[in-house]
Amino acid sequence: MHPTPVLECFYDCSSPWTYLAFSRLRPLSARLGVPVRWRPILVGGVFNAVNKELYAAREGMFSNPRRLRHYQKDLADWAEFCGLRISHPDVFPVNSARAMRGALFAADRGLLEPWSAAVFAAYWGDNRDISQPDELAAIAGSVGLEPEALLAATTDQDYKDRLRANTDELVTRGGYGSPTLFINGDDMYFGNDRLPLVEYRLQQLLATTSRA
């Protein structure tokens, strides 16, 4: 029997487009029976390594009223389509390092998806500063994680190293932002709007497997 396709998603909760993709990828995974291997990263580390021009592009967009209006409309349209509340947080961009180390801690306890969903909703829906330990502690408690243990993990060298390793791996494999998805190791897709292509390719692979 041929194996189920391997689907990886490198992601950072500081991106609204990643929030959209996260909300869509979970039901896609369940529908096709292809589990997602979630790979928390620090997207700022990716930008600093291979996509520094993003900073200038972001500044240009926010200083151009025409582009900004369309960006806001586009994001609002997507949020409505996905049934999410997304607004522009007061703290943006946010330092998500602790939150993403927390994702690794949650993964070790089988709670990565609830943790990530709660972090996304807190930051993009409720305008909570996810760089702050008290906010992370509250989120931890809400998803069944021990707050003090999670906070300790967010400053632990092992979790720092694991997050950096994921980030470096994405850069090595050709990624340049969040979310980045891979099918079977080297078939890369970037962005929320590529999910139809991801689903199409997975369906092709599954169909091939069923015929084998």
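Is Asn127 buried, partly exposed or exposed? Hi everyone, let's start there. Asn127 is partly exposed, because its relative accessible area is 34%, and partly exposed covers the range between 20% and 50%. I should say right away that what you see is a predicted model.

So where does Asn127 sit? You'll find Asn127 in the loop between α6, residues 112-125, and α7, residues 133-142. Have a look at its backbone too: phi of Asn127 is near 60 degrees, a positive value in a residue that is not glycine.

Asn184 gives us another positive phi in a non-glycine residue, near 55 degrees. Asn184 belongs to the loop between β3 and β4, with β4 covering residues 187-190. With a relative accessible area of 40%, Asn184 counts as partly exposed.

Let's step back to the whole chain. The protein has ten helices and four strands. Following the sequence, you meet them in the order β-α-β-α-α-α-α-α-α-α-α-β-β-α. How big is the fold overall? The C-alpha trace spans about 50 × 45 × 35 Å along its principal axes. For 212 residues, a compact globule would have a radius of gyration near 17 Å, and this protein agrees, with 17 Å. As for burial, 42% of the 212 residues count as buried. Take the contacts between residues at least 6 apart in sequence: 73% of them join residues at least 24 apart.

Now for the charges. There are 23 positive and 25 negative side chains, and the centres of the two sets lie 5 Å apart.

One of those negative side chains deserves a closer look: Glu199, in helix α10, residues 195-211. Glu199 counts as buried because its relative accessibility is 18%, and the cut-off for buried is under 20%. Which side chain does Glu199 meet in a polar contact of 2.9 Å? That partner is the side chain of Arg31. Beyond its neighbours within four places in sequence, Glu199 is in contact with Leu28, Arg31 and Leu32.

Helix α10 also holds Thr209, which is partly exposed at 24% relative accessible area.

Before I finish, let's visit two prolines. The peptide bond joining Phe92 and Pro93 is cis, with omega about -5 degrees, and Pro93 lies in the loop between α4 (65-82) and α5 (97-108). Another cis bond runs from Ser178 to Pro179, with omega near 0 degrees. Pro179 is in the loop between α9 (157-172) and β3 (180-183).

Thanks for listening!

Conventions: Residues numbered from 1 in each chain as written. Predicted model: local features only at pLDDT ≥ 70, side-chain atom pairs only at ≥ 80, totals over all residues. Heavy atoms only, no water. Helix = DSSP H or I, 4+ residues; strand = E, 2+ residues; numbered from the N terminus. Rg over C-alpha atoms; globule rule 2.2 N^0.38 Å. Buried < 20%, exposed > 50% of the residue type's maximum accessible area, 1.4 Å probe, protein only. Contact = heavy atoms within 4.5 Å. Lys, Arg positive; Asp, Glu negative; His and termini not counted. Charge placed at Lys NZ, Arg CZ, Asp CG, Glu CD. Polar contact = N/O pair within 3.5 Å; in protein donor to acceptor, adjacent residues only side chain to side chain.
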